[in-house]
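Colleague: I'd like to learn how to read a few features of a model like this one. Could you walk me through them?

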There are 2 protein chains.
Amino acid sequence: MGQTGESASSLSINAERLISDFEELRQIGRLPTGGLGRASFSPADGEAREWFFGRCADAGLTVRTDGIGNIMVSSPAIDPAIAGLAPVWAGSHIDAVPNGGAFDGPLGVLAALECLRRIHEEGIQLERPVQCVIYADEEGNYSHLLGSSALARGFTREELESMTGRDGDQFVETFAAVGGSVEDALGVTLAPGAVHATVELHIEQGPLLEQRNEQIGVVSGIVALGGGVVTFLGRADHAGTTPMRLRKDASIAAGALLVALPAVAAAVSERAVVTSGIIAVEPGASNVIPGSAQVTVDFREPDAEALEALEAGIIRVSESIAAEYGLTVEFDFGVPIAPSPMDEGIRAIISAAAEGRGLAWSALPSGAGHDSQNMATIAPTGMIFVPSIGGRSHCPEENTAWADVENGANVLLDTVIHLARRSL
Amino acid sequence: MGQTGESASSLSINAERLISDFEELRQIGRLPTGGLGRASFSPADGEAREWFFGRCADAGLTVRTDGIGNIMVSSPAIDPAIAGLAPVWAGSHIDAVPNGGAFDGPLGVLAALECLRRIHEEGIQLERPVQCVIYADEEGNYSHLLGSSALARGFTREELESMTGRDGDQFVETFAAVGGSVEDALGVTLAPGAVHATVELHIEQGPLLEQRNEQIGVVSGIVALGGGVVTFLGRADHAGTTPMRLRKDASIAAGALLVALPAVAAAVSERAVVTSGIIAVEPGASNVIPGSAQVTVDFREPDAEALEALEAGIIRVSESIAAEYGLTVEFDFGVPIAPSPMDEGIRAIISAAAEGRGLAWSALPSGAGHDSQNMATIAPTGMIFVPSIGGRSHCPEENTAWADVENGANVLLDTVIHLARRSL
């Protein structure tokens, strides 16, 4: 960042204030398990939003909520000459998966708020506005990455009306109960160029930074994602009266697939992952040989072509197993989600900021989905990772050291200041 | 049977009448699937009992229902000199598993009724009474082999009061609604010597007789049965952010166990069977690596010692798999059910009857449980199997050729006449 007249590193975030905010927010929706229960548009989410509005007001910042519930925070003290320019956005989300952790989302929001507060209170003069953003329903209570999807491509009325929450509630009804409307939700899609650039600070949710003893991950891109169900069909028979050699036991084929999947992934690349998170056998009685076995497959790879090879490998090994056991196999796979490479220019700014702060960093892909993959389709976008202790996420044990929180927030600060000062 | 003055084979069952009864009974509780919905003490079961009482009355036979709902049918024309002697029982059950088949149970009941009718209408003079028996709730809506368990060993009041049906109803309430009482149910246990011998005709429920092209199976015994749950414990992690080499995926260990079980059974004997009918992984989301995986094991073997070896083999291979994948494993196994050998003398009578009728037969174990395993603890007991088409059972496709039904009923007739004429 040494190229700028005033080194960005001369400004740092107030770690004590950031941690204090963090400790307050994590109490809202806290469960007896120690995890968070804060689904989008739930009472706990509403309480978290009210708390956030209060923190913004305390800092003298201006808040706007768009038609689908995304929140944008601005400094009212901005130079009128630049107020109309496309802003730099920094943000993440504050909703959580059921029994989720306190860091996934809130870290990026509160660090962005702290960045904006520092810029605002120091009166830093920039060439375009910086805004702190909360994307609604990142965790997909109603739809995966709801708020950023609405910004990047929009929804139809039919799509909004068909959305159902984890508790079986209709999105349109719950949204109306918190003051939202379908009409407003339809109108939030951003025009091209409306946002200059976006940056998201997030926990890694995996173990690599910790294992490498690095403080900063410069996200190279969000991996391609495929998924679906493999179903083996055999024959349900009596567990007591059918000799082993005469069985067509679908569960054994499913077992063989589970055992084979790690080698299928390894054959594609070191970064390829395949997971079977749900296994269901029918009829599902302890004394009946399973006539069918369903195995979900979630497979991810940074490269789109390699993802295709991964899917082909899963199909090939499943067919081979079915043939070996004399069963049939069926596949029901969805259309894969394309990989989202992060902006090269912003990656360079993030890694320079890390170096400027004396932090060890490396480039790594994000195996998880983020709002940044939507924002990357309409604006140059970057992501900063900080280490997750033990790689844990989406659970009460999710944790990140305060030193890493502070480092990540400072790299975010340097990055947004750089982006708001210079053309990319 | 040539040793008796009058060859038993000179008397045969009336196949047309037996099949007509069978076709009438199978309509009661018939589901749109073609399967039977006739749980014990359900309205359909009550309707089937009423129909059965009508058929007995038509034949001039006398019916008694005991305190737990077992039914005993006698001929009123019996010689008063032998009426007080311990009877020979032939019977089975008329209740069905959910969406069950029409042959499992009813075949043995209707064939026994037909045997008694023939003896009664021909005025055959025997040395002790023959009775046709329906055992209540063989399929365990409330308790596995309820009626014969009550006869052989009895229940405590607490046991009866704690029984719950598949629909969540209390046994004592449902039983009271059909006119039963706990007091009466407590008093049905048989005194030693109360029954002279019992015989049960049943479908094989497996494919062996069909494959061997044999008409009669002489059951050597009901196999020993063990069962329980194997639980692998790993670590739940994010499916996208956890590299393959750093996972502790419980589902892969479960898969390895499923694949290994056939070899575990084969190492014990050709007759050993192991089945995993229920598989459950937690937390059970497509994008979360399973942290735990539960696999039920149902394992059976004709020999008690071999069953112990089978259980030990399952434990050994599970521990080896857990060690290989760096997981832990837990076992929750019940106390095994001991094998029930059938009476040697009755086995010889059944095989002689099959030969007398010119039928191909062989000895084979029953992999399924039957009321005969309870009756074998209080009286010499035998079982006759007839072929199941395709080995199917407990499903709408359950079927047996009419010729095999007729053969089985005639072998049952010869056997009960022999048992009622001679001492064992």
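**Cavities, symmetry and ring pairs**

Modeller: Sure, and keep in mind that this is a predicted model. Let's begin with the cavities. In the largest cavity, α9(A) provides the largest share of the lining, three residues.

Colleague: Which elements each supply at least two residues of that lining?

Modeller: In chain A they are α9 (250-268) and β9 (273-275), and in chain B α9 (250-268). Among the lining residues are A:Leu258, A:Leu261 and A:Pro262 from chain A, along with B:Met244, B:Arg247 and B:Ile252 from chain B.

Colleague: How much space lies in the largest cavity, and how do its lining residues divide?

Modeller: The space is about 60 Å³. The lining has six nonpolar, three polar and two charged residues. In total, the structure holds five cavities of 30 Å³ or more.

Colleague: And what lines the second largest cavity?

Modeller: That one has about 50 Å³ of space. Its lining includes A:Arg26, A:Arg30, A:Gly100, A:Pro396 and A:Glu398. Sorted by type, the lining gives three nonpolar, four polar and three charged residues.

Colleague: Now the two chains. What turn lays chain B on chain A?

Modeller: A turn of 180 degrees with a shift of 0.1 Å along the axis does it, and the RMSD is 0.1 Å. That is how a two-fold axis relates its copies. In chain B, the C-alpha nearest the axis belongs to B:Gly255, 1.7 Å away from it.

Colleague: Why can you say that the copies meet through the same surface?

Modeller: Because 100% of the interface residues of chain B are interface residues in chain A as well.

Colleague: Last topic, the aromatic pairs. What describes a pair of rings?

Modeller: You need the distance of the centres and the angle of the planes. Here the count is 22 aromatic pairs over all chains. Take A:Phe41 and A:Phe171: their ring centres are 6.0 Å apart and the planes sit at 55 degrees, so this pair is tilted.

Colleague: Where do those two residues sit in the chain?

Modeller: A:Phe41 is in the loop between α1 (15-25) and α2 (43-58), and A:Phe171 is in helix α6 (residues 171-177), so to speak a link between distant parts of chain A, 130 residues apart. Both A:Phe41 and A:Phe171 are buried. In chain B, B:Phe41 and B:Tyr142 form a tilted pair, 6.3 Å centre to centre with 35 degrees between the planes.

Colleague: Which residues do ring pairs link into a cluster?

Modeller: A:Phe41, A:Tyr142, A:Phe171 and A:Phe175.

How values were computed
Residues are numbered from 1 along each chain as its sequence is written. Chains are lettered from A and ligands numbered from 1 in the order in which they are written. This is a predicted model: local features need pLDDT of at least 70, side-chain atom pairs count only at pLDDT 80 or more; totals for chains, interfaces and linings use all residues. Side-chain values use heavy atoms; hydrogens and water are left out. On a 1 Å grid over the protein atoms alone, a cavity is a set of points where a 1.4 Å probe fits but cannot get out, and a pocket is an open set with protein on both sides within 12 Å along at least five of seven lines; lining residues have an atom within 4 Å of a point. Grid points are joined across faces, edges and corners, and a volume is the space filled by probe spheres set on the points. Helices (H or I, at least four residues) and strands (E, at least two) are DSSP runs, numbered from the N terminus. Ala, Val, Leu, Ile, Met, Phe, Trp, Tyr, Cys and Pro count as nonpolar, Asp, Glu, Lys and Arg as charged, and the others, Gly among them, as polar. Copies are superposed by least squares on the C-alpha atoms of residues with pLDDT of at least 70 in both. Contact means heavy atoms within 4.5 Å. Rings of Phe, Tyr and Trp (its six-membered ring) pair if their centres lie within 6.5 Å; planes under 30 degrees apart count as stacked, over 60 as edge-to-face and the rest as tilted. Buried means under 20% relative accessible area, exposed over 50%, partly exposed in between (1.4 Å probe, protein chains only).
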